[in-house]
Amino acid sequence: MTRRQGKKVFRKCKACHTVDEGGPNRVGPNLYGIVGAPVASVEGFGYSDALIEYGGDWTPDRLAAFLANPRKEVKGTKMGFGGLRKEDDQADVIAYLDSLAKDAAAD
């Protein structure tokens, strides 16, 4: 898992998601601090009922399953992206997202 590779893979996500602390929601929610956060908890974003019912927290394992195939993992999600099929890409994106909040905390 590498943050650098994850940032590169995340380019596929940037059309719909921001990752800056306090950044805006777009078609999808801002993903800053998402690793370990409660599912469907980004303020001001209108989540699907399916994702709200999915509940729990965005653990690395749950994020990987969702990133692999969002519509299979959460039937009824509004996320239109087909998924990241490669496990390495999933792990790298999760490492990148996880590093953002940790880097800010270290400052």
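Here a trainee and a mentor talk through a predicted model.

Trainee: Why is D92 called buried or exposed, and which is the right word?

Mentor: Its relative accessible area is 7%. Buried means under 20%. The value 7% falls under that cut-off, so D92 is buried.

Trainee: Where does D92 lie?

Mentor: D92 lies in helix α5. The C-alpha atoms of D92 and G6 are separated by 4.1 Å. Along the chain, D92 and G6 are 86 residues apart.

Trainee: What makes R26 buried, partly exposed or exposed?

Mentor: R26 has a relative accessible area of 44%. Buried is under 20%, exposed is over 50%, and partly exposed is in between. The value 44% sits in between, so R26 is partly exposed.

Trainee: Which residues gather with R26 in a patch of charge?

Mentor: K7, K8, R11 and K14 gather with R26 on the surface. The patch is one of positive charge.

Trainee: Why is that patch called positive?

Mentor: Lys and Arg count as positive. The members are K7, K8, R11, K14 and R26, so the name follows from the rule that Lys and Arg are positive.

Trainee: How do you know that R26 can pass the accessibility cut-off for a patch?

Mentor: A patch residue needs over 30% relative accessible area. R26 has 44%, so R26 passes that cut-off. R26 lies in the loop between α1 (3-9) and α2 (49-54).

Trainee: Which other residues lie in that loop?

Mentor: A40 and Y32 are among them.

Trainee: What makes A40 and Y32 buried or partly exposed?

Mentor: Set each value against the 20% cut-off for buried and the 50% cut-off for exposed. A40 is at 22%, so A40 is partly exposed. Y32 is at 23%, so Y32 is partly exposed too. A40 also has a positive phi of about 60°, although A40 is not a glycine. The C-alpha atoms of Y32 and E21 are separated by 5.6 Å.

Trainee: How do you know whether N69 is buried or partly exposed?

Mentor: N69 is at 27% relative accessibility. Buried needs under 20%, so N69 at 27% counts as partly exposed. N69 is in the loop between α3 and α4 (70-73). From N69 to R85 is 7.5 Å, C-alpha to C-alpha.

Trainee: Which residues touch the most other members of the largest nonpolar core?

Mentor: They are F10, V19, L51, W58, V93 and L97, out of 26 residues. The elements giving two or more residues are α2, α3 (60-68) and α5 (87-106). The largest share, five residues, comes from α5.

Methods
Residues are numbered from 1 along each chain as its sequence is written. This is a predicted model: local features need pLDDT of at least 70, side-chain atom pairs count only at pLDDT 80 or more; totals for chains, interfaces and linings use all residues. Side-chain values use heavy atoms; hydrogens and water are left out. Patches are made of residues with over 30% relative accessible area and no salt bridge: like charges are joined within 9 Å, nonpolar side chains (Val, Leu, Ile, Met, Phe, Trp, Tyr) within 5 Å. Accessible areas come from the Shrake-Rupley method with a 1.4 Å probe; for residues, only the protein chains shown count as cover. A salt bridge is a side-chain nitrogen of Lys or Arg within 4 Å of a carboxyl oxygen of Asp or Glu. The place of a charge is taken as NZ of Lys, CZ of Arg, CG of Asp or CD of Glu. Helices (H or I, at least four residues) and strands (E, at least two) are DSSP runs, numbered from the N terminus. Buried means under 20% relative accessible area, exposed over 50%, partly exposed in between (1.4 Å probe, protein chains only). A nonpolar core is a set of buried Ala, Val, Leu, Ile, Met, Phe, Trp, Tyr and Cys residues joined through side-chain atoms within 4.5 Å.
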